[in-house]
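Let's take a walk through this protein chain, going from the overall outline down to single residues. Have the viewer open and follow along.

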Amino acid sequence: MHWADVLRHGDGVATVAELVAAGLSRGVVDNRVRGKSWQRVLPGVIVAHSGPLLVEDRYRAAVKFGGADALLSHRAAGELQGLRIAAPKAVDITVPHGRRRVDTADVIVHQSNRNAAWIMRRGIRCTHIPRTVIDIAGQMSRLDDVRALISDVVQRRLTDVEELATELKVCPRRGSAHLREALGEIRGGVRSAGEGAFLRLVRRARLPEPELNARIQTSGGWFVVDALWRQYGVAVEIDGQSWHLDAESWQRDLGRQNLLHAAGIVLLRFPVIRLSSDPAGVVAELRATFNVRQEAS
């Protein structure tokens, strides 16, 4: 393969070794870097243009730096795969265990002795989505963040609970406690960080366990509520931090609430922020409602 084809196949990114093997001398490479028509962005890695680096340039260069079988991983892979996460400051790659690659200011190198599955995104080899999610979640310190990440990818069907559980079985145990708890909750029906926080609050208060994402039949059709205690006829909706309704949605929501009431269901609503700012108040309102409903039955 001619060296120009090497660059074309690599979308303008190649190692010096690849270019030399394809017939270009190291002297020519050095001259083009000195002349600033090319850039040496990482040790032994060339980007064949002089302009600002695109995100994909950085990612391709990092994988080239990692060598054969290197994969884009963690947050960098997650960004390409459409995960709703903050963009990484440095690029993570995963290389086979035992390969000597030293971190740079721009690249963090992880070693793995697993023969990881991989996928292509924008022509870049990445860890597959279950591995990517597990890797990112394992670096998170807050359970709510782990739960939000996993809930989001499962709801959008980027992966599923069983694929994540399979990947979790072979990942390092360090940092996996939040992962295991979040997966257990999602298996039980939790769909969001708010629902997970509410379920934990219910369990800490030793309240009866609710059905999660329960379906209720009304005269106006079936509705799904976040939590339901059928024995009391009490349902709960957790409203997110950005929750708001325009006039049309507000009227539709009132109609839904009225239909639930006509079906014998009392609907309580809690903003997610109250679960942390006023947990005792939330529990007290639940207990009071349960008591009233029990006395009325």
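What radius of gyration does the protein chain have, and what would a compact globule of 297 residues have? Keep in mind that we're looking at a predicted model. The chain comes out at 26 Å, while the globule rule would put it near 19 Å. The extents of the C-alpha trace go with that: along the principal axes, the trace spans about 90 × 45 × 30 Å.

On to what fills that outline. The secondary structure adds up to 13 helices and 12 strands. Of the 297 residues, 45% are buried. If you take the contacts between residues at least 6 apart in sequence, 53% of them join residues at least 24 apart. As for the outside, the accessible surface is about 15,800 Å², and carbon and sulfur atoms account for 51% of that. The chain carries 42 positive and 33 negative charges, and the mean positions of these two sets sit 5 Å from each other.

Now turn to the largest nonpolar core, which has 22 residues. Which of its members touch the most other members? They are F198, W229, V236, F270 and L286. Several elements give two or more residues to this core: the helices α10 (193-204) and α13 (279-296), plus the strands β10 (221-229), β11 (234-239) and β12 (266-271). Helix α10 gives the most, with five residues. To see how one of these members is packed, click on F270 and skip its neighbours within four places in sequence. What's left in contact with F270 is F198, V236, E237, I238, D239, V282, E285 and L286. Three of those partners, F198, V236 and L286, are also on the list of core members that touch the most others.

While you're in this part of the chain, look at R206, in the loop between α10 and β9 (211-218). Is R206 buried or exposed? R206 counts as exposed because its relative accessible area is 76%, and the cut-off for exposed is over 50%. R206 and V283 are separated by 77 residues in sequence, yet their C-alpha atoms are 9.8 Å apart.

Next, go to helix α9 (residues 177-187), where you'll find L179. With a relative accessibility of 1%, L179 is under the 20% cut-off, so it counts as buried. What does L179 touch, once residues up to four places away in sequence are set aside? The partners are I134, A137, G138, V146, I150 and L168. There's also a C-alpha to C-alpha distance to try here: L143 is 36 residues from L179 in sequence and 7.8 Å from it in space.

For another buried residue, move to strand β5 (residues 91-96), which holds V95. V95 counts as buried because its relative accessibility is 2%, again under 20%. Leaving out residues up to four places away in sequence, V95 touches G66, A70, V109, H110, Q111 and S112. Now pick I134, which you met as a contact of L179. I134 and V95 are 39 residues apart in sequence, and their C-alpha atoms are 17 Å apart in space.

Let's finish with some loops. D11 lies between α1 (3-9) and β1 (13-15). At 44% relative accessibility, D11 falls between the 20% and 50% cut-offs, so it counts as partly exposed. Beyond its neighbours within four places in sequence, D11 is in contact with D57 and R60. V47 is 36 residues away from D11 in sequence, with 8.9 Å between the two C-alpha atoms.

Two more loop residues are worth a click for their backbone angles. Where does K36 sit? K36 is in the loop between α3 (26-34) and β2 (39-42), and its phi is near 65 degrees, a positive value in a residue other than glycine. K36 is exposed, with a relative accessible area of 63%. D69, in the loop between α4 (55-66) and β4 (71-72), also has a positive phi without being glycine, near 70 degrees. D69 is exposed too, at a relative accessible area of 52%.

Terms used
Residues are numbered from 1 along each chain as its sequence is written. This is a predicted model: local features need pLDDT of at least 70, side-chain atom pairs count only at pLDDT 80 or more; totals for chains, interfaces and linings use all residues. Side-chain values use heavy atoms; hydrogens and water are left out. Helices (H or I, at least four residues) and strands (E, at least two) are DSSP runs, numbered from the N terminus. The radius of gyration is taken over C-alpha atoms; the globule rule is 2.2 Å times the number of residues to the power 0.38. Buried means under 20% relative accessible area, exposed over 50%, partly exposed in between (1.4 Å probe, protein chains only). Contact means heavy atoms within 4.5 Å. Accessible areas come from the Shrake-Rupley method with a 1.4 Å probe; for residues, only the protein chains shown count as cover. Lys and Arg count as positive and Asp and Glu as negative; His and the chain ends are not counted. The place of a charge is taken as NZ of Lys, CZ of Arg, CG of Asp or CD of Glu. A nonpolar core is a set of buried Ala, Val, Leu, Ile, Met, Phe, Trp, Tyr and Cys residues joined through side-chain atoms within 4.5 Å.
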